[in-house]
Amino acid sequence: MRIGTETALAREIAVFGVAKPHCVYLFANRRATRMNVLVHDGIGVWLLAG
């Protein structure tokens, strides 16, 4: 997956309508071999790629 923090946040807002603080959102590729974790901590956004 080649998405960055801004793209992941934009996808999350497009689906849920708002980025809720203290929530975690998971993004996986089609084969489910890679995953990105978007964490909104109330102040900023963290993106963990693995």
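**Briefing: core, surface and loops**

At 51% relative accessibility, Val24 counts as exposed, because the exposed class takes in anything over 50%. Bear in mind that this is a predicted model. Val24 belongs to strand β1, which covers residues 23-28, and it shares a nonpolar surface patch with Leu26 and Met35. On the buried side, there is a largest nonpolar core of 5 residues. The notes below go through the core, the aromatic pair, the strands and the loops.

**The nonpolar core**

- Which residues make up the largest nonpolar core? They are Ile3, Ala8, Tyr25, Phe27 and Leu38, 5 residues in all.
- As general background, nonpolar side chains in soluble globular proteins tend to be buried together.
- Ile3 is in contact with Ala8 and Phe27, and also with Arg11, Asn36 and Leu47, once its neighbours within four places in sequence are set aside.
- Tyr25 comes out at a relative accessible area of 13%, so this core member is buried, the cut-off being under 20%.

**The aromatic pair**

- How many aromatic pairs does a search of the whole structure find? The search turns up 1.
- The pair is Phe16 with Tyr25, and it is tilted because the ring planes sit at 35°, with the ring centres 5.6 Å apart.
- That angle falls between the two limits, since planes under 30 degrees apart would count as stacked and those over 60 as edge-to-face.
- Are the two partners buried or exposed? Phe16 is exposed, with a relative accessible area of 56%, whereas Tyr25 is buried at 13%.

**Strand β1 and the surface patch**

- Val24, Leu26 and Met35 together offer about 300 Å² of accessible area in their nonpolar patch.
- Leaving out residues up to four places away in sequence, Val24 touches Val37, Leu38 and Val39.
- One of those contacts, Leu38, is also a member of the largest nonpolar core.
- Val24 and Val39 are 15 residues apart along the chain, yet their C-alpha atoms are separated by 4.6 Å.

**Strand β2 and Asn36**

- Asn36 sits in strand β2, residues 35-40.
- Asn36 has a relative accessibility of 2%, so it counts as buried.
- Asn36 is also among the contacts of Ile3, which is itself part of the largest nonpolar core.
- Where does Asn36 stand relative to Gly17? The two are 19 residues apart along the chain, and their C-alpha atoms are 19 Å apart.

**The loop between α1 and β1**

- This loop follows α1 (5-16) and holds His22 as well as Ala19.
- His22 has a phi near 65°, a positive value in a residue other than glycine.
- His22 counts as exposed, at 67% relative accessibility.
- Ala19 touches Leu9, Glu12, Ile13, Tyr25 and His40, not counting residues up to four places away in sequence.
- Tyr25, one of those contacts of Ala19, is the buried partner in the tilted ring pair.
- Ala19 and Leu38 are 19 residues apart in sequence, with 10 Å between their C-alpha atoms.

**The loop between β1 and β2**

- Ala32 lies in the loop that runs between β1 and β2.
- What is the phi of Ala32? The angle is near 60°, which is positive in a residue other than glycine.
- Ala32 counts as exposed, at 61% relative accessibility.
- The C-alpha atoms of Ala32 and Trp46 are separated by 21 Å, with the two residues 14 apart along the chain.

Technical notes: Residues numbered from 1 in each chain as written. Predicted model: local features only at pLDDT ≥ 70, side-chain atom pairs only at ≥ 80, totals over all residues. Heavy atoms only, no water. Core = buried A, V, L, I, M, F, W, Y, C linked by side-chain atoms within 4.5 Å. Buried < 20%, exposed > 50% of the residue type's maximum accessible area, 1.4 Å probe, protein only. Contact = heavy atoms within 4.5 Å. Phe/Tyr/Trp six-rings, centres within 6.5 Å; stacked < 30°, edge-to-face > 60°. Helix = DSSP H or I, 4+ residues; strand = E, 2+ residues; numbered from the N terminus. Patch = residues over 30% accessible without salt bridge, like charges linked within 9 Å, V, L, I, M, F, W, Y side chains within 5 Å. Areas by Shrake-Rupley, 256 points an atom, 1.4 Å probe, with all protein chains shown as cover. Salt bridge = Lys/Arg side-chain N within 4 Å of Asp/Glu carboxyl O.
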